[in-house]
Each structure stands twice: as C-alpha cells, then as structure tokens.
Amino acid sequence: MSAAPQDVQPQAFAAIDAAVAQAVDAQAHYGAAPHTTRSALLRALAAALENDAAALVALADAETSLGTARLNGELARTAFQLRGFADRLDAGAAARIVDDAAVPGAPPAGRPHLTRVFAPLGPVAMFSASNFPFAFSVLGGDTASALAAGCTVIVKPHSGHPELSRRVHTLAAAVLREQGLPLGVVAFVDQATREAATHLVRHAEVSAVAFTGSYQGGVALWHAANARPRPIPFYGELGSVNPLLVLPAALANGCDAPAATLAASIALDCGQFCTSPGLILIRDDTDGERFATVLVRALGAHQPHAMLTPAMRRGFEDATARIASQPGVRARLAPPSTNDDAPAPRLYEVDALTFIDNAALHEEMFGPAALLVKVRDHAQTLAVLAAVAGSLTVTLWGADAETPDNRALAAAAQRIAGRVLFGSVPTGVAVCDAQQHGGPWPASTQPQSTSVGYAAMERFLRPVALQDAPQWAIAANTGGIVS
C-alpha cells in the first residue's frame, strides 16, 4: 500500500475526524429519538430517491455502465428496503424486550426483576460497494439497517460512482433538514484514500463497521478493527465462489434450458455479483459432458458490458489467468477480449481431485467466469464441497427427492453457506425477514449475521439487561414503546 502525499494525508484524516465528530454529536439525539422518528426518516429517504430517480439512474449508468433497466430496479429495491425497515420499526422490531418478573426467595430459584432491552451500538462506518451503486451504497441496506437500529452512519462512498454518491448524500442531507434532524445522522467522507479509510475504522468514536468489497481490502480493514485498543464489530462481506451442483436428476429433461439459465446467471451484469455462480459441479459422465458442451455454447453467446472500473477489469484478468495457469485446468471457453472495457466470458474445467488438492483453484473470479469441476460420484461431490471455504450460497439442482444422498448434500451445503437453494440461480437476493446474506469465512466476517433482509438491523443493536428498573428506564430504551 503506497503512502499518500504528505500534504494530503493530514487533510484526509481531518476530514474523517470531522465526519465522525458530526456523527457522534448526532448520535445522542438520534439514538434516543422515538422509533417513529426513525421510521419517518426512512420513508422520507425512500421518497427522495424515487422523486429524483430519472436523474439518479442516468448518473449511475454513466458511472457504472450497468444499464438503466438494472439501475431502475435497484433504485426501486433500495426504496423498498428503506420502507421495509420503517415498517419493522413501527411493528416494534427494535423495541422488543424480554421480561422476567421477580421471583421471591433465594437463588437459584429466586431472582430480581430483569428486563432485556436493545440499545444502538453508536456511529457506524459504512463502506459502499462498487457493484450496487444504490442498494449497497449511501442509502443501501447497511445504512438503512443502522438507521433503523438508532445508529448514525458515516458513509465512505466507493470510487466507482463518486458523483452518484455525492448526489444521493445531498438528497439525504435535504431530508434530514426537512425532518429536523442533525446532518450527522448520515455523515459523509467523500473519496478517502486507503490510509484514510483505515483511519476511519480505527477512530475511537466509531462503534461498528459495515463493509462490502474485495477480500484483500476487507481483510485489511478487519485487522484494523481488531487491532484497536477497543476492538469493534466488523461486518464484512468479502467474497464467495457460490458452488452450484448439477445433479443427474436436473438433466432429466435435457440440457438446453438449465445451461441457458446458468449461463445467464454467470454473465449477468458482467458477472459482478457477489452471488454469481463461480463453481459448477457436474458428473464426469456422458450427461455431464453434454451439459458442459451446451453451457460453453450458451455462455459464449453472451456479450457482457464494461466492468465497473479499470481496476476491477484488471483484477478479473489476473484472477482468470491464475486459474488458467494451474496444473490440470482446461480452458473450455476463453476467447480473447476484443474490447478493452468489456471482457469475454470464461469457463474452465478441472477434475475433482485436482480441485481438492489445489487451494489456488478455490479463489473467486469476480466477473463473467466459472470453473467446472467434474466429479465421479456422490462421495467426490461431498469432498469438493468440504474443500470449499465459506460461501454466501450453495445451489443444488436435482435434489428435490428425499434420499440419503440428497440429505447428505443439503447438510454439507448448510455447513459452508448462508443460503442454500434447491432451484433457480443464486444471483438475486430477496429483501425479507427470512433472508440470510452471509456465510462462514471468507464469505463474511460474522457468519451469524446478515447484510440483506430485516434481520440486518440486529447487527447494530446491543442487548442490555435492566435489573429492577423503573418503567421510565425501560421505555427510554425502547424508543418510547414497551412491548
């Protein structure tokens, strides 16, 4: 990591310090505000996005090349989840209590009156993602869940869409003024250097970090969070190969439809999804080879658009080159790219034993590429899954029947993934109460939490037990609600 120029570094650190101070000042007011204040803010932010949708989408498309159809859908999703958190707040999700009445007598049977409530952690440093300029950015899921929990947010925007980030933050600031709330409720640090970003994570007044991004960047910040004199929770989503198993039963009606579905998922938005299926397990038999042949043809027909940033394109080329150079790897689809911005799709193949023995083959290729692993039988399939580190998803095609083998596969999938699919493709993550977007390392740093869905609010709430507390103290810790 290269050092920033001497005259830039103090200025960048000062900007971080000022943003954190703004968030800290706002925390005392916002954290104690009624839950209706939070829900009103979330709904107003959703409306502001929708009211400026045309200009925002045009700006996002200019910076990301993701296309207006995709971006309009993502903006709608972002507004939807803001309102969804508001609805959960109004239903008492952050005001829930666990109440144990006093029991006369000596312990262990006797006890005082205990009430378990949930308090906001405090200011949250939120690192925007590159690939979701609305849904994982300034007013995305991390910000929405932190605001719902009563935490102020310090937004560190992504360099891939800086103007959009500034525009959305300007909208948020206008909403805060209209709602009579401090501007520090959603603070902003603009374009920070790597060193300044680390300074943000190390800042003594930051209480938690939410991060979606690369493994290398996430691990560096995770280490910084844990090396503080007072370590703080670091909620990082770092990377995932998302295995997809094509079992024999999945090909009972032919290969064309499943291959087309899979190819579209691999190439979707130039493969720039954290849930893109990057590891495909097929049987090493006639049907498996037939499926691979059809998949090569289907994937080769896709012409992805430009990647989000030149650095991301370079990273994709480096990752695919590393996979291609490994012993035993065969390139099934690796045409030369004719466009400096848009890469051609790639598909590589390896046998199960080679994959298991070579950790370099377990790494993510972030872009329109996947690795086919040919397995001889059920036992080898389980062995390949066991060799995979944590993953956001595992998809099982053809495991609908209840059999001992399918039960074993489902159990193996659940050991390594936060979400297990029994059909469809993993690209596309619904925003709802039951969603789990996280998984064992390196998919995420906190596998017991989710960054998508309404349970994401729980990351930023800390349980506190109040003993023999008067009613006012309980009400003060539940946003004015006693459930």
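Which strands each supply at least two residues of the lining of the second largest cavity? The strands in question are β6 and β7. The model discussed here is a predicted one, and the account below begins with these two strands before turning to the spaces beside them, to the seven-stranded sheet, and to two individual residues.

Strand β6 covers residues 208-212, and five of its five residues are buried, so the strand is largely enclosed by the rest of the structure. The side chains alternate in direction: A208, A210 and T212 point one way from β6, whereas V209 and F211 point the other way. Residues of both groups are buried. Strands of a sheet pair through backbone hydrogen bonds, in either a parallel or an antiparallel manner. Strand β3, residues 124-127, is joined to β6 by four bridges, and the two strands run parallel. Within this pairing, A125 stands opposite V209 of β6. Strand β7, residues 234-237, is likewise connected to β6 through four bridges, again in parallel. Here T212 has E237 of β7 as its bridge partner.

E237 appears again in the second largest cavity, where Y235, G236, E237, S451 and R459 are the lining residues nearest the centre. This cavity has a volume of about 100 Å³ and is lined by 17 residues. Sorted by class, its lining comprises five nonpolar, nine polar and three charged residues.

The second largest pocket may be considered next. This pocket holds about 260 Å³ of space. Among its 17 lining residues, Y235, S449, E458, R459 and L461 are the closest to the centre. Y235 and R459 are therefore named for the pocket as well as for the second largest cavity, given the 4 Å criterion by which lining residues are assigned. Strand β15, residues 461-467, contributes three residues, the largest share of the pocket lining. By class, the lining of this pocket has seven nonpolar, six polar and four charged residues.

A search of the whole structure finds five cavities of 30 Å³ or more. The largest of them has a volume of about 150 Å³. It is lined by 19 residues, of which V241, G278, E363, E364 and M365 lie closest to its centre. The lining of the largest cavity consists of 11 nonpolar, six polar and two charged residues.

The description now moves to an open sheet. Its seven strands follow the order β10-β11-β12-β9-β8-β13-β14, and their pairing is mixed. The edges are formed by β10 (330-333) and β14 (417-421), each of which pairs on one side only. Neighbouring strands of the sheet are turned by 25° against each other on average, with direction ignored. At one end of this order, β10 is joined by three bridges to β11, residues 346-351, and these two strands run antiparallel. One position in this pairing can be located through A331, whose bridge partner in β11 is Y348.

Helices also meet this sheet. Helix α9, residues 256-267, packs on the sheet and touches β8 (243-246), β9 (279-283), β12 (369-375) and β13 (391-397). The direction of α9 makes about 170° with that of β13. Helix α11, residues 310-324, lies across β11 and β12, and its course is at about 30° to β11.

Two single residues complete the picture. V153 belongs to strand β4, residues 153-156. Is V153 buried or exposed? Its relative accessible area is 0%, so V153 is buried. Apart from residues up to four places away in sequence, V153 touches V124, M126, T143, A146, L147, G184, V185, V186 and A187. V153 and L139 are separated by 14 residues in sequence, and their C-alpha atoms are 10.0 Å apart in space.

The other residue, D52, is found in the loop between α2 (35-51) and α3 (53-64). Why does D52 count as buried? The relative accessibility of D52 is 16%, and D52 counts as buried because the limit for that class is under 20%. When neighbours within four places in sequence are left aside, D52 is in contact with R167 and L171.

Note on methods: Residues are numbered from 1 along each chain as its sequence is written. This is a predicted model: local features need pLDDT of at least 70, side-chain atom pairs count only at pLDDT 80 or more; totals for chains, interfaces and linings use all residues. Side-chain values use heavy atoms; hydrogens and water are left out. Two strands pair if DSSP finds at least two bridges between them. Axes are lines fitted to C-alpha atoms, for helices over the stretch in contact, and angles run from 0 to 180 degrees between N-to-C directions. Contact means heavy atoms within 4.5 Å. On a 1 Å grid over the protein atoms alone, a cavity is a set of points where a 1.4 Å probe fits but cannot get out, and a pocket is an open set with protein on both sides within 12 Å along at least five of seven lines; lining residues have an atom within 4 Å of a point. Grid points are joined across faces, edges and corners, and a volume is the space filled by probe spheres set on the points. Ala, Val, Leu, Ile, Met, Phe, Trp, Tyr, Cys and Pro count as nonpolar, Asp, Glu, Lys and Arg as charged, and the others, Gly among them, as polar. Buried means under 20% relative accessible area, exposed over 50%, partly exposed in between (1.4 Å probe, protein chains only).
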